[in-house]
Amino acid sequence: MPVREAATRHSALVRVTHWITTACFLALLVSGIEIVISHPRFYWGETGTIFTPALFQLPIPASRSSVPTGYGYVLPDQNGWSRYLHFQAAWAVVITGFLYIISSLFSGHLQKNLLPRGADLSWRAFSSAIANHLRFKRPGDEEAWSYNPLQRLTYLFVIFVLFPMVIWTGLAMSPAIASVFPSAVTVLGGQQSARTIHFFISVFLFLFLLVHIMMICLAGFRNRMRAMITGRAAAGKERA
Amino acid sequence: MSDLSRRRLITTGLAAAAGASGLAVANKLAQRYGLIPPDHGGLYGAGETLTYAAQRILTKHSWAREFPRSAITKPPFADGEPPKQEAFRRLQAGGFADWRLHVDGLVARPASFSVADLKNHPSRSQITHLACEEGWSYIAEWTGVPLSHVLDVVGIMPQARYVVYFSIDPEWWDSLDMADALHPQTLVTYGMNGAELPVGHGGPLRLRVPRQLGYKNVKYITRLTVTDDLKQFGEGLGSVSPEGGYAWYAGI
């Protein structure tokens, strides 16, 4: 089958920041799970201990004996390196994210590929995009070069809502940051509320990752991976 | 070589040179202003240094949040077991009357204080949040002598950079830079929620550092040492925390 090689689908900056973000997100996910395991109870407000009522408790064993979990054993404690790794990966992803957003503004990537086009904002465009997704329809050639309306809104939501929120709620758990920006903690409802929101946003980000990978498989895994690694895309339909 | 790739090579080279010299300058400035934590080496040193430097600059004059009495958590949660040392049990049996806090190192007048001595000094009470690195937290009122006052009494020397503090439990010691050591909310605590500091919470004496996580708030303290160099303590990483895999700086 003839494969039409064409101009770059993803710029070098998008590709590099994409894969650094991927590595950081996986590091944050693994270390975040390890940190949660040390106290899998969640609270609302400023405070919460095993003596106070929990909002909910994950039905998993814990890595510290101080938490009653109903399990007869305690998991190995991995909190030390998990915390070191969590904050290091957080720095790396924040710096990468800034680089991505600033360069996207200047290169036109944001305006061209992420902000919905005028025609995308009609109900018709939306309902057809949603219908195509629900039918698991493979994207057509026109999507080989840019994103569809649902994709644009999802990416904008992840980049400008979920990521800032997860950074904010993460910082709000820091006693030192709370001393400088107390209202950043109180508007969230308190330090424990910040922790609970941080957990839920991480769950949403993880769900986004799963759907993202599913969509890539649907659209042609090899082609989309090649586009994100080499930058080049094949426009013709490809059997993955 | 085409013009474009030559231009690219030159720009990349210039950017790399600017980046490298920028890092060198940043390192010099960071050394000078004390923005490098003792556990700056190793795999996670870069992240740790960024966190410490950023927060040290931001929190220079900030105060930990203080809460109204109605916010106090009931009952407060005490983590861990009291020390198993025979010495601790003996002191506890005597109502901690013989407990001593020794202050030495780079000070003009090394001294040792009993709990009663400390109570004769100006006290401060504050209702603050204590968060454990595990994820739980509570609010309580702590009463004690500001560490800055104790350091004033013994007279710290100008080259002082850190205050190292030791628990009666030999497995637990830590250190603070002078910004946290001299902070008005850093207390040598002997009271909690209007009563004596319970043994479960570190009684008779606990160092309370409300801008950092629970594990920096060492319980059962018996000695403070003022120093200009953390290398001579333990593995030289500033506290037992990095030796056990945890960050020295816990403002997070």
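**Strand pairing, cores and contacts in a predicted model**

Student: In strand 2 of chain B, which residue is the bridge partner of B:His102?

Tutor: This is a predicted model, in which local features need pLDDT of at least 70 and side-chain atom pairs count only at pLDDT 80 or more, while totals for chains, interfaces and linings use all residues. Residues are numbered from 1 along each chain as its sequence is written, with chains lettered from A and ligands numbered from 1 in the order in which they are written. Strand 1 (residues 101-105) and strand 2 (residues 111-113) of chain B run antiparallel and are joined by three bridges, where strands pair if DSSP finds at least two bridges between them. In strand 2 of chain B, B:His102 has as its bridge partner B:Ser112.

Student: How many residues make up the hairpin connection between strand 1 and strand 2 of chain B?

Tutor: Strands (E, at least two residues) and helices (H or I, at least four) are DSSP runs, numbered from the N terminus. Strand 1 and strand 2 of chain B are linked by a hairpin, and the number of residues through which it passes is five.

Student: Strand 1 of chain B also pairs with strand 10; in which sense, parallel or antiparallel?

Tutor: B:His102 has B:Arg223 as its bridge partner in strand 10 of chain B, and B:Val103 has B:Leu224. B:Asp104 stands opposite B:Thr225 in strand 10 of chain B. The pairing of strand 1 with strand 10 (residues 221-227) of chain B covers four bridges, and its sense is parallel.

Student: What is the strand order of the open sheet in chain B?

Tutor: Strand 10 of chain B is also joined to strand 5 (residues 162-167) by six bridges, in an antiparallel arrangement; one of the bridge pairs is B:Ser167 with B:Ile221. Five strands form the open sheet with mixed pairing, in the order 2-1-10-5-6. Strand 2 and strand 6 (173-177) of chain B pair on one side only, as edge strands. The order is thus bounded by these edge strands, namely strand 2 and strand 6.

Student: What is the average twist from one strand to the next?

Tutor: Axes are lines fitted to C-alpha atoms, for helices over the stretch in contact, and angles run from 0 to 180 degrees between N-to-C directions. On that basis, the average twist from one strand to the next is 20 degrees.

Student: Why is strand 10 of chain B described as largely enclosed by the rest of the structure?

Tutor: A residue is buried if 20 or more other C-beta atoms, placed from the backbone, lie within 10 Å of its own, exposed if 12 or fewer do, and partly exposed in between. Strand 10 of chain B is largely enclosed because its buried residues number five of seven.

Student: Is B:Phe96 buried or exposed?

Tutor: B:Phe96 lies in the loop between helix 3 (86-93) and strand 1 of chain B. Neighbours within four places aside, B:Phe96 is in contact with B:Leu91, B:Val115 and B:Pro204, a contact being two C-beta atoms, placed from the backbone, within 7 Å. Because B:Phe96 has 21 C-beta neighbours inside 10 Å, it counts as buried.

Student: Which helix gives the most to the largest nonpolar core?

Tutor: A nonpolar core is a set of buried Ala, Val, Leu, Ile, Met, Phe, Trp, Tyr and Cys residues joined through C-beta atoms within 7 Å. The largest has 77 residues, and those with the most contacts inside it include A:Ala172, B:Leu101 and B:Val188. The helix that gives the most to this core, with six residues, is helix 2 of chain A.

Student: Which helix supplies the largest share of the side of chain A that touches chain B?

Tutor: The two chains meet through 30 residues of chain A and 37 residues of chain B. Helix 2 (79-107), helix 6 (175-180) and helix 8 (191-230) of chain A each supply at least two residues of that side of chain A. The largest share, nine residues, comes from helix 2 of chain A.

Student: At what angle do helix 5 and helix 8 of chain A pack?

Tutor: A:Ala172 is among the residues of helix 5 of chain A that meet helix 8 of chain A, where the residues met include A:Phe208. The axes of helix 5 (residues 149-172) and helix 8 of chain A are 8 Å apart, and the packing angle is about 145 degrees.
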